[in-house]
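Thanks for sharing this one. Here are some notes to read with the structure open beside you.

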Amino acid sequence: MTIIKSVYGRRVWDSRGNPTVEVDVILEDGTLGRAIAPAGASRGAREAMDLRDGGSKLRGMDVQQALRSVNEIIAPALVGRDVLDQTGADAAIIALDPSALKDQLGGNATVATSLAVLHAASAAVKKPLWQHIAEIYGRMPSIPLPEIQIFGGGAHAGRRVDIQDFMIMVPGANSFDEVMEITNEVYFAAGDIMAQKGRLAGVADEGGWWPIFDSNEEALETLVAAIEKAGEKPGERVVISLDIAASEFGKNGNYRLALEDRNMDSGALIDMLGGWLDAYPIASIEDPVGEDDPAGMIEFTRRFGKRVQIIGDDYLVTNKTLVENAAQEGACNAVLIKVNQVGTISESIDAFLAAEKAGFGSVVSARSGETEDVTISHLATGLGGGQLKVGSFTRSERMAKWNECLRIQDVLGKSAFVGGAPLANTWWGRKTYGDKK
Ligand code: PGA
Ligand code: ZN
């Protein structure tokens, strides 16, 4: 009874109020699998394209064409297939649109369908999604270490500051539950500091505080102050993680920090970030240079790759080949896994496995436009990949993912929390940060 009877796409709405694609996969016995496509704002140039209708209606963001892809093109190819054959379903989707960016069907159509098939399969075998993922890909499940945003920035905050994500990680926590508690304290300590300065002005797209700062580095200083105000010693249980998202403020190795009215070349940006790595307890940094600056990424990795996690997001776009090339060239030492960057779960697993083979870390990640869909909590757990990036500690599309991890923790047990293991090869794992100071 695991035969797909129908595949149906409908329009729903994401956390920014934009239309997006939800897909229901229904099996012959009535079993339902459902998933919703998320949407990025700071998108990589090489990632799968969302199909949007354009024009003036709904600011050009409607998804009627993507829904037609699901209902008229993909559905006939999947109906009658065995839902347990995820690889076959994804191959059928890819065969309908072999273009590099999936711009014929739309990445929003393919990702929602691929993940709905995965959900339907897990419902068919009556197992939680994380367990189904672990079983079909032969993985040891574990509860991930979160990266949680305290201040938003970049494209998620009207470019009020240039740097996109000022986050914390709590590798010193003993359980996922404890991460949530410590994050609550740091998040509200940061809000209190902003309020004291008369700079509390709501939240950015992913729920982090709106970043009213005079410089990008002031955000970092404030984050350290918030960790201290929460009663923690920065660099011990709690460390800092940054997403520079440098492709958003640089082209061809030339960067511009608009907030500070500063232009810099790749070398100057790398020097500036290196200074931050010395001055602040940063354990992880994402897209420190632009997606079109491989020389910069190789240089950054050569200089700092032994003491900090260097994640490729726009730089690697969940693409197996780009991960393999980066590993060969010595660029990055970790990959961000966003299923909608590549368009199917099977291709995301390929990128994840290529990263693991190269000795890279991995972080399963949400997009800045999200919904109540909690697939990524299960994906991070089921793959045992070790880390999960969802955004901040407010807004229900974010909290839904953290809360799902708590439910999974109740089944897997607190000992399944990976803690600081993913950062073991950074200065945090070797405890050299304090020595250096
Ligand atoms: P995006 O940002 O979803 O807007 O692309 C998330 C990220 O850069 O990690
Ligand atoms: Zn990013």
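1. A cut-off first, since the metal site leans on it: a residue is called buried when its relative accessible area is under 20%. Asp313, at 2% relative accessibility, therefore counts as buried. Glu286 is buried too, with a relative accessible area of 0%. Please keep in mind throughout that this is a predicted model.

2. Both of those residues belong to the zinc site. The protein donors of the zinc ion (ligand 2) are Asp243 through OD, Glu286 through OE and Asp313 through OD, and they lie 2.1 Å from the ion. Written along the sequence, the donor residues follow the spacing D-x42-E-x26-D. Glu286 sits in strand β10 (residues 282-286), while Asp313 is in the loop between β11 (309-312) and α9 (320-329). The two are 27 residues apart, and the pair links distant parts of the chain.

3. On the overall layout, the domain assignment splits the chain into domain 1 (4-126) and domain 2 (145-433). Their C-alpha centres are 27 Å apart. Domain 1 gives 30 residues to the contact, and domain 2 gives 30 residues as well.

4. How do α3 and α4 pack? Helix α3 (residues 107-124) meets helix α4 (residues 129-136) at an angle of about 95 degrees, with the axes 9 Å apart. Angles of 65 to 115 degrees count as roughly perpendicular, so α3 is roughly perpendicular to α4. From α3 come Leu118, His119, Ala121 and Ser122, which meet Leu129, His132, Ile133 and Ile136 of α4. Sorted by class, this contact has five nonpolar and three polar residues, and no charged ones.

5. Helix α2 (residues 86-96) is worth a look as well. Its buried residues are Gln86, Gly88, Ala89, Asp90, Ala92 and Ile93. Among the elements that cover them are α1 (64-78), α3 and α11 (345-357).

6. Finally, is Val170 buried or exposed? Val170 lies in the loop between β5 (165-169) and α5 (176-196), and its relative accessible area is 1%, so Val170 is buried. Leaving aside residues up to four places away in sequence, Val170 touches Leu145, Pro146, Val179, Ile182, Thr183, Arg237 and Val238. Of these contacts, Pro146 is 24 residues from Val170 in sequence, with 7.5 Å between the two C-alpha atoms.

How values were computed. Residues are numbered from 1 along each chain as its sequence is written. Chains are lettered from A and ligands numbered from 1 in the order in which they are written. This is a predicted model: local features need pLDDT of at least 70, side-chain atom pairs count only at pLDDT 80 or more; totals for chains, interfaces and linings use all residues. Side-chain values use heavy atoms; hydrogens and water are left out. Axes are lines fitted to C-alpha atoms, for helices over the stretch in contact, and angles run from 0 to 180 degrees between N-to-C directions. Helices (H or I, at least four residues) and strands (E, at least two) are DSSP runs, numbered from the N terminus. Angles under 35 degrees count as roughly parallel, over 145 as roughly antiparallel, 65 to 115 as roughly perpendicular and the rest as oblique. Contact means heavy atoms within 4.5 Å. Ala, Val, Leu, Ile, Met, Phe, Trp, Tyr, Cys and Pro count as nonpolar, Asp, Glu, Lys and Arg as charged, and the others, Gly among them, as polar. Donors are N, O and S atoms within 2.8 Å of the metal (3.2 Å for Na, K and Ca); water is not among the atoms, so sites may look incomplete. Buried means under 20% relative accessible area, exposed over 50%, partly exposed in between (1.4 Å probe, protein chains only). Domain bounds come from an automatic or database domain assignment.
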